[in-house]
There are 2 protein chains.
Amino acid sequence: MDKPQTLKGFRDFLPEKMIIRNEAIRRLRGIFEKYGFDEIQTPSLEYQEVLLGKYGEEAEKLMYLFKDPGQRNVGLRYDLTVPFARVASTYQDLPKPFKRYQIQPVWRAENTQKGRYREFYQCDVDMVGTSSPLADAEIIAVINDSLKALGFSNFKIRVNSRAVLFSIMENAGIDKERWLTAIQSIDKLDKKTQEEVEQELAQKGISTEQTKSIFGNIKSASPDEFLSKTIEYTKNMGAYENVSFDPTLARGLDYYTGPIFESVVEEPKIGSITGGGRYDNLLKTLGGPDLPATGTTIGLDRVVDVVDELKLWSQEKTVTKVLVTVFNPELLLQSIKIASTLRGSGVNAELYPDEAAKLEKQLKYANNKGIPFVVLIGPEEDAKNLVQLKDMASGKSENITLEQLLKKIK
Amino acid sequence: MDKPQTLKGFRDFLPEKMIIRNEAIRRLRGIFEKYGFDEIQTPSLEYQEVLLGKYGEEAEKLMYLFKDPGQRNVGLRYDLTVPFARVASTYQDLPKPFKRYQIQPVWRAENTQKGRYREFYQCDVDMVGTSSPLADAEIIAVINDSLKALGFSNFKIRVNSRAVLFSIMENAGIDKERWLTAIQSIDKLDKKTQEEVEQELAQKGISTEQTKSIFGNIKSASPDEFLSKTIEYTKNMGAYENVSFDPTLARGLDYYTGPIFESVVEEPKIGSITGGGRYDNLLKTLGGPDLPATGTTIGLDRVVDVVDELKLWSQEKTVTKVLVTVFNPELLLQSIKIASTLRGSGVNAELYPDEAAKLEKQLKYANNKGIPFVVLIGPEEDAKNLVQLKDMASGKSENITLEQLLKKIK
């Protein structure tokens with residue numbers, strides 16, 4: 001192991017980054033559970049027959065497929081939706097509607113770029129077994145509350161419905177078989193110019209007149225009845241503030257059948273943060289039971305990239321609040337006692353793990369590690385039954401009693 | 001996907017099991033952080049050159065090794081120690097001593113049995129860069145506090161030192177090259193009879209006299225100086241109550257150089273719950289920097305199996321506290337309002353996601369899912385500005401105000 005390195009698109013998370021990731025997960029989990037979703041987890045590896053034939057050819061090229069030591073054909077999880085469909089199929093007696101969330105890594109051998117990794121975490125929230133717009137509205141409310149809980153202020157939740165897009169296709173006189181491919185082109189309107197999309201549609205055999213009809217109608221389109229109800233419910237839930245109807249929103253995946261939703265932040269430009277919608281036929285197609293479903297994915301890594309880039313949260317380098325130094329081996333017991341007392345009171349306290357280290361070295365360590373407070377018990381403090389508390393930010397020290405220390409730190 | 005199933009040794013975790021797993025992780029993380037350990041995570045996949053030549057031939061047969069879509073030779077994480085050594089090597093400027101914890105799954109294609117899975121979680125706590133017995137004592141204190149925090153009462157932390165075992169080997173006149181293989185046989189004393197172990201030693205070329213000397217000395221052995229200090233420090237830390245010196249404790253792995261520790265519960269019989277020790281040369285061997293280290297692994301899956309089997313914690317089926325039912329579509333807004341208010345007050349509240357469902361169906365759902373409280377707003381309650389709260393355990397209902405509801409539920 002001369003130059004040990006990680007694989008491209010795979011990352012180590014050191015303490016500073018883990019603190020942000022854990023905090024993001026804590027906040028998301030809090031919202032998901034407030035809405036009555038329970039967590040599940042599925043294995044990292046599945047039989048290839050569970051994974052293949054579900055995502056399309058292009059996706060399968062990105063999958064980690066291999067033989068396990070027992071020569072079984074297996075693959076790493078590509079998303080959380082197909083494993084969830086398998087779960088719905090394996091445990092058909094789960095109470096319905098079944099509301100689950102799932103926060104786990106998935107693996108895709110994509111070309112890496114900003115916000116795109118080969119191992120990344122998805123946070124999925126889905127509701128299975130209800131075809132009411134109330135369910136879709138709750139998913140939108142979960143997205144809104146989640147992004148607010150993360151501290152995002154400048155975000156938009158764009159909503160549309162496949163039904164709106166389908167009726168535009170129908171009005172333009174486009175063959176039903178071409179609806180989905182046309183929608184895939186329209187989905188690129190946020191990245192390409194209208195002219196470029198028009199060219200792409202022409203290449204797909206859509207006539208100039210039909211394209212004109214699409215773009216004419218898309219601008220004046222209004223929500224269908226189901227989406228109108230969904231939007232009305234988000235208003236009732238107080239979750240409408242960041243929602244906007246956007247008839248050009250298409251979402252790339254084929255399996256959506258009703259409302260679709262996507263959220264983006266204004267800054268930084270990082271692609272969509274969440275994506276989802278109603279998929280009433282997917283579970284059956286995936287081998288699950290024939291149940292309607294709706295849900296969303298929140299991309300944890302993009303969330304964390306946004307928090308990082310906007311410096312949304314005060315970023316700490318360690319969870320440790322206090323370093324209890326060891327003055328010398330003779331005074332070690334006093335330091336052990338203080339550390340134990342702090343921990344007993346719920347304070348994250350580190351005891352410097354070397355009774356013979358110089359004090360200077362210990363202080364330098366606290367500074368490098370970003371520990372905010374240092375406690376020192378020298379012979380003088382010990383004689384007076386006091387401790388010296390040093391605030392590393394201000395550099396100020398004071399001699400106080402143990403009770404005062406506990407009060408200060410907590 | 002006719003009969004979708006999980007791979008042998010791989011498990012789905014449904015809500016009830018996830019609640020226990022999350023609670024166990026929450027308690028362990030609390031203890032690790034109280035002792036000033038920070039979390040890190042490493043990728044699931046590493047280059048094979050990082051993994052191979054580290055664990056021995058037998059282990060390599062159990063590894064998930066394969067080519068990724070880019071034809072790189074890769075493998076799934078086999079433990080958390082080797083990736084940690086890679087991290088210590090990749091980021092050599094991390095402040096030392098470096099104290100990290102890591103809670104992630106590892107993969108081993110073992111024969112499955114009780115408490116042994118192919119995908120399982122390890123919780124590792126290690127301290128790198130200090131050769132003081134204070135560090136070993138803190139690891140033992142972490143183990144003690146962790147098992148207590150999990151609610152375990154009947155456990156033993158057995159400690160010994162490789163130095164004790166080495167001097168017994170030396171006294172018996174055994175060649176130095178045979179010390180480790182002899183120790184591996186002695187390690188089986190908890191599973192095999194002394195006679196069986198004696199036979200195994202004979203097969204390894206240890207003479208009857210040497211074996212006699214080993215067993216004679218092992219019974220009267222006492223801790224060496226380093227281990228004595230370690231034990232003394234655990235007493236100072238108030239972490240000695242479950243510790244016992246056991247000169248027959250050997251631990252199978254070759255890399256330990258000083259104190260070794262292992263913990264077991266009396267009931268159920270499930271093997272060791274934690275295992276660890278000092279490994280001063282391993283990091284360098286693994287390609288990391290030449291730093292002393294000590295630490296332990298806690299096996300999350302065995303911990304959870306113990307909690308499950310002893311029913312240590314009250315086991316809930318859902319995190320949801322209240323189901324807010326929908327009486328009929330006309331009264332939906334009232335239900336939305338109550339659900340929003342409960343959520344705003346931090347209560348996990350589910351709104352039944354179908355405005356047209358019969359009340360009976362909704363109550364049956366709450367019952368199946370194990371939701372403890374149900375709220376009902378019918379025309380009568382609505383007219384009086386009250387809600388009906390039903391306690392699902394007692395079956396009792398009462399009409400109360402929204403303020404009273406919040407008070408009751410919280």
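This report describes two helices in a predicted model, one in chain B and one in chain A.

**Span of the helices**

The table sets out the expected and modelled spans, at 1.5 Å a residue.

| Helix | Residues | Expected span | Distance between end C-alpha atoms |
|---|---|---|---|
| α9(B) | 208-220 (13 residues) | 18 Å | 19 Å |
| α13(A) | 332-344 (13 residues) | 18 Å | 18 Å |

For α9(B), the distance between the end C-alpha atoms agrees with the expected span. For α13(A), the two values agree as well.

**Helix α9 of chain B**

Five residues of α9(B) are buried, that is, under 20% relative accessible area: Gln210(B), Thr211(B), Ile214(B), Phe215(B) and Ile218(B). These residues cover an arc of only 130° around the axis, so they lie on the same side of α9(B). The cover over this buried side includes three helices of chain B: α6 (162-171), α7 (179-186) and α8 (194-203). The other side of α9(B) holds exposed residues, namely Thr208(B), Glu209(B), Lys212(B), Lys219(B) and Ser220(B).

**Helix α13 of chain A**

The buried residues of α13(A) are Leu332(A), Ser335(A), Ile336(A), Ile338(A), Ala339(A), Leu342(A) and Arg343(A). Viewed down the helix axis, they fall within an arc of 165°, and therefore line one face of α13(A). Which residues are exposed on the other side of α13(A)? They are Lys337(A) and Gly344(A). Just after α13(A) comes Gly346(A), which has a positive phi of about 85°.

Note on methods: Residues numbered from 1 in each chain as written. Chains lettered and ligands numbered in written order. Predicted model: local features only at pLDDT ≥ 70, side-chain atom pairs only at ≥ 80, totals over all residues. Heavy atoms only, no water. Helix = DSSP H or I, 4+ residues; strand = E, 2+ residues; numbered from the N terminus. Expected span 1.5 Å × (residues − 1). Buried < 20%, exposed > 50% of the residue type's maximum accessible area, 1.4 Å probe, protein only. Arc of directions from axis to C-beta. Contact = heavy atoms within 4.5 Å.
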